Amino acid sequence: MSTSAAMRTAITGVAWAVAGPDFDPATALAGRGMRHKDRSSRFAVRVAHRALEDAGLLGAPELDGAAVVVSSNFGNLDPVCDSVSTIAAGCSRDVSPMRVPHLSSAVSAAWVAIEHGIHGPNLTLCNGTSSGLDAVAAARNLIAAGRATAALVIGVEPDTPSVARLHKETAGTRWIDGAVGLVIEPVQHAVSRGARIRAEIAGYGKAADERSAVQAAGGTAVRRRLDGEPTARFGRCSGALGVVQCAMAVERLGNEAVLAVAGGGSGESDGTSVAALVLTPPRGRDI
Amino acid sequence: MNTSNGDRRVVITGLGAISCLGTGVTAYWDGLLAGGGQPAEVPLPHLNMRTKKMYLVDRAEIPAQPSHYAGVELGSSPRLAVAAAEQALTDAGLEYGACDAIPVVLGAELGNADMQEIQRSSGRTAWTTLTPAAAVVGAGIGSRAALTSVGNACSASGYALTIALDMIRAGEATTVLVGGAEGITRAGMGAFNRLGAADPVRCRPFDRNRAGTMFGDGSAMIVLEADDHARRRGAEPYAELAGAAWSCDAHHPTAPDPSGDQIVRAMTAALADAKLSSSDVGCVIPHGTGTPLNDVVESQALRRMFGERIRELPLFSLKAMIGHTTGAAGAFACLTATLMLRHRKVPANSPIDQDPECGVWLPQEGPVLLDGPAVLVNTYAFGGNNTSFVVKDVAGEGSKWSR
């Protein structure tokens, strides 16, 4: 599967909400407005703010027509397990109504839209290992199809007791705890508002095998490749993998294109499908 | 809407369904004309909650296969999905073996929950994937193309239909199998009970005594195809999926935005995408769940869309007949819209004691003529996720409709 969108799209914002020198989950995920959100939504809301700030779009009128695309495979697992355990130990009357919205896998995307007044398409993908790259491609397609003026793409996977248990049962030893965000918009719009273009999305492909996916993305000749690095750095990234790959690629993008591959090769795989995405350096104002 | 290949028309060439009204599309349509299904108590233990009923598929009609996929034991939802998918592909004239390039896009909200709950009750707590339906259907029909599960809660299959529409318009695929499937989840029923959003009597949208929604299980599947592709292989389209649009309330995690601004925006954009005006709409299938605020807000939004004409524009309140099929609700509504256009008829609505705050027309005396070439469908969800789409007649365009 491949797409050849006529409209050029660019990454204009990149943000991280993963434990490190400039992000302490213990303080960043607490405080006002956080109490009734699950861990995944807290990460998503924080990274959304940072990504929009980085792109210069915080509170901008563009957000009225923008999309939110969240990729997460285990995002709301904890609230789901909590509720089931609560019901198992007692009855459904013991479940807090404040927790019920978190039983919906789309809850993090909803919180992001609510926090930032983003009224365009609101999409959640849970496509396994390829999900993050699929989300970037979905965002590009939403813009190319005229359904969104811009898109905020978030890859998020929380480390909660239920998620930890799931990883341990499937021979996992380390996994990411956090979110990564990207802002994607038409190149023309980015240029006209003077935004800094970090990379362009040149191609995307998805297939049952890696070779076909890379070919569909137009990435066969691309020499720089990013697949297993995020997993080596953070542990399993799962639904966040493709978004982490794009964020890492953007930060190191020189004059060469980068091919990101999720779900194949030496990296993480769920054995179902492989996604490939080609990012190219900004071409400047040549439109 | 400047879609990248917006001129490529997308038609519906195959339909499949299993619901409380029976197996197959004929049983479904006959069931709607006969007044719809009746709720029944869920035949499972540990239902310690006020509302214990659903609109259920006859348990004898739930296929036994496939019982497993990739090591995962399958509950009713993926099995219903495979059966409905096979119906839709057969209906479209697509044989097993011709489906390797057909992507599958499914709305899936509650997934394999019934099997997981049964396993948990028997003390088995090993993890299995929650939403295997798209993968199971892909394997079942022999697809080697992309398989997507859309998790946008109760508008998931409305979103899935739009994604499939865009895939065909963008040239990614010529044919896409799209739909939704849901089983039973006692945990989900418990959660809706706790939200005070579960009606203990029946699903009765727009009724003055409505007290929340009531779930239904089943699966609806639709084959979407590029019009030129369908013509070349001699397939006769049922209808056209002419336009669709999304918006987000960005207001509250569960409650709708009382202004209705974003649902009006989705309806307006869907009609614009279909290059139609509101006067082309002969019937609306509302989201209409039976939750008190949703039905009032949607009624007011419809009045803003259609003005005084809302008094004579028939609405078909589908959930009153098959329950709220959550992740499959958009697919069931698309199926229903297609059948209305086919038969040029709107079935009579289930009798209700209508809420005067819901100023819409729900004809209940008998079926009414579908007097317009398009049916508008709304699907909404937790998170304020809104989709509207337009199903349009393909036969005798321009001549047959009076308006």
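The following exercises, each with a worked solution, concern a predicted model of two chains, A and B.

Residues are numbered from 1 along each chain as its sequence is written, and chains are lettered from A, with ligands numbered from 1, in the order in which they are written. Because the model is predicted, local features need pLDDT of at least 70 and side-chain atom pairs count only at pLDDT 80 or more, while totals for chains, interfaces and linings use all residues.

**Exercise 1. Describe how domain 1 of chain B meets domain 2 of chain B.**

Step 1. Establish the bounds. Domain 1 of chain B covers 10-232 and domain 2 covers 242-392; such bounds come from an automatic or database domain assignment. The C-alpha centres of the two domains lie 20 Å apart.

Step 2. Count the contacts. Two residues are in contact if their C-beta atoms, placed from the backbone, lie within 7 Å. By this criterion, 56 residues of domain 1 of chain B are in contact with 48 residues of domain 2 of chain B.

Step 3. Identify the elements. Helices (H or I, at least four residues) and strands (E, at least two) are DSSP runs, numbered from the N terminus. Strands E1 (10-19), E9 (175-182) and E10 (218-226), together with helices H1 (25-33) and H5 (156-169), all of chain B, give two or more residues to the side of domain 1 that touches domain 2. H5(B) gives the most to this side, with seven residues.

Step 4. Classify the residues. Ala, Val, Leu, Ile, Met, Phe, Trp, Tyr, Cys and Pro count as nonpolar, Asp, Glu, Lys and Arg as charged, and the others, Gly among them, as polar. The side of domain 1 of chain B that touches domain 2 of chain B divides into 30 nonpolar, 18 polar and eight charged residues.

**Exercise 2. Determine what chain B supplies to its contact with chain A.**

Step 1. Chain B brings 43 residues to the contact and chain A brings 46.

Step 2. On the side of chain B that touches chain A, at least two residues each come from strand E8 (147-150), H5, helix H6 (186-194) and strand E11 (239-248) of chain B. H6(B) gives the most, with five residues.

Step 3. By class, this side of chain B has 19 nonpolar, 19 polar and five charged residues.

**Exercise 3. Analyse the helix pair H3 and H6 of chain A.**

Step 1. Two packed helices are described by the angle between their axes and the distance between the axes. Axes are lines fitted to C-alpha atoms, for helices over the stretch in contact, and angles run from 0 to 180 degrees between N-to-C directions.

Step 2. The axes of H3(A) (residues 77-89) and H6(A) (residues 161-169) come within 7 Å and cross at roughly 100 degrees.

Step 3. Angles under 35 degrees count as roughly parallel, over 145 as roughly antiparallel, 65 to 115 as roughly perpendicular and the rest as oblique. H3(A) and H6(A) are therefore roughly perpendicular to each other.

Step 4. H3(A) makes the contact through Leu77(A), Asp78(A) and Cys81(A), and H6(A) through Pro161(A), Ser162(A), Val163(A) and Leu166(A). These residues divide into five nonpolar, one polar and one charged.

**Exercise 4. Analyse the helix pair H5 and H11 of chain B.**

Step 1. The axes of H5(B) and H11(B) (residues 329-343) come within 5 Å and cross at roughly 65 degrees.

Step 2. Ser157(B), Gly158(B) and Leu161(B) of H5(B) meet Ala329(B), Gly330(B), Ala331(B) and Cys334(B) of H11(B).

Step 3. The contact comprises four nonpolar, three polar and no charged residues.

**Exercise 5. Establish whether Gly239(A) is buried or exposed, and what surrounds it.**

Step 1. Gly239(A) lies in the loop between helix H9 (229-234) and helix H10 (241-252) of chain A.

Step 2. A residue is buried if 20 or more other C-beta atoms, placed from the backbone, lie within 10 Å of its own, exposed if 12 or fewer, and partly exposed in between. Gly239(A) has 30 other C-beta atoms within 10 Å and is therefore buried.

Step 3. Leaving aside neighbours within four places in sequence, the contacts of Gly239(A) include Ser71(A), Asn73(A), Cys126(A) and Glu157(A). Gly239(A) and Leu125(A) are 114 residues apart in sequence and 8.4 Å apart in space, C-alpha to C-alpha.
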